[in-house]
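Here is a short walk through the fold for anyone who wants to find their way around it at the bench. Have a look at the structure first, and then read on.

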Amino acid sequence: MITITRTTSDNLDFINLVAALDKELAIIDGDDHAFYSQYNKIDKIQHAIVAYKDEIPVGCGAIKQFDPSSMEVKRMFVNPKGRNMGTATAILKDLENWAKELGYKKCLLETGKRQEDAVALYTKNGYDLIPNYGQYEGVENSVCFEKVLD
């Protein structure tokens, strides 16, 4: 059974999962990793989630304010022990609910085109493809999504 805990970026389990994410992304992104890394610092994240399976941390995600009506989904990751059991969807849904509770109207995010599982996750969960925004404008490997929260 998966349990979800809301926390901050100071949570040690969150920090360790993000380190595992960065290690995986360094392989997937290759030479592009340094570019993306600069936008993925966690020191200012106040809304983070850790997913646990049998009290073992298996996944994480976070949201941070993008603009007055939008939260940006950041640092989504599920380690191999938590995959293929709905963990990523559970994390994403809780992040969306948290954003709604805080009064935000939509979530947006960026992921890499090479991260096919991530693209499939967001598409499956009702995210629509949008033009690349902000620092991702014109970045070949980036793909951006948004979802209006009901």
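β2 and β3 make a hairpin, with 2 residues between the two strands. In that turn sits D54, whose phi is positive at about 50°. Please keep in mind that this is a predicted model.

The strands on either side of this turn, β2 (residues 47–53) and β3 (residues 56–67), run antiparallel and are joined by 7 bridges. If you would like a landmark, take I49, which stands opposite G61 in β3.

From β3 the chain goes on to β4 through another hairpin, again described by 2 linking residues. Strand β4 covers residues 70–78, and its pairing with β3 is antiparallel, over 7 bridges. Two cross-strand pairs help you to find the register here: K64 faces E72 in β4, and Q65 faces M71 in β4.

These are the facing residues in a form that is easy to keep beside the viewer:

| Residue | Stands opposite | Strand of the opposite residue |
|---|---|---|
| I49 | G61 | β3 |
| K64 | E72 | β4 |
| Q65 | M71 | β4 |

Now for the whole sheet. How many strands form it, and in what order? The open sheet has 7 strands in the order β1-β2-β3-β4-β5-β7-β6, with mixed pairing. At its edges lie β1 (2–7) and β6 (128–130), each of which pairs on one side only. On average, neighbouring strands of this sheet are turned by 30° against each other, if direction is ignored.

Helices pack on this sheet too. Helix α3 (residues 87–101) touches β1, β2, β3, β4, β5 and β7 (142–148), and its direction makes about 160° with that of β4. Helix α4 also packs on the sheet, where it touches β4, β5 and β7; the angle between its direction and that of β5 is about 160°.

One more residue is worth a stop. Where is Q115? Look in the loop between β5 (106–112) and α4 (116–124). Is Q115 buried or exposed? Q115 has a relative accessible area of 16%, so it counts as buried, the cut-off being under 20%. The side chain of Q115 reaches back to the backbone nitrogen of G112, at 2.7 Å.

How values were computed
Residues are numbered from 1 along each chain as its sequence is written. This is a predicted model: local features need pLDDT of at least 70, side-chain atom pairs count only at pLDDT 80 or more; totals for chains, interfaces and linings use all residues. Side-chain values use heavy atoms; hydrogens and water are left out. Helices (H or I, at least four residues) and strands (E, at least two) are DSSP runs, numbered from the N terminus. Buried means under 20% relative accessible area, exposed over 50%, partly exposed in between (1.4 Å probe, protein chains only). A polar contact is a pair of N or O atoms within 3.5 Å; within protein, one must be able to donate a hydrogen and the other to accept it, and residues adjacent in sequence count only if both atoms are side-chain atoms. Two strands pair if DSSP finds at least two bridges between them. Axes are lines fitted to C-alpha atoms, for helices over the stretch in contact, and angles run from 0 to 180 degrees between N-to-C directions. Contact means heavy atoms within 4.5 Å.
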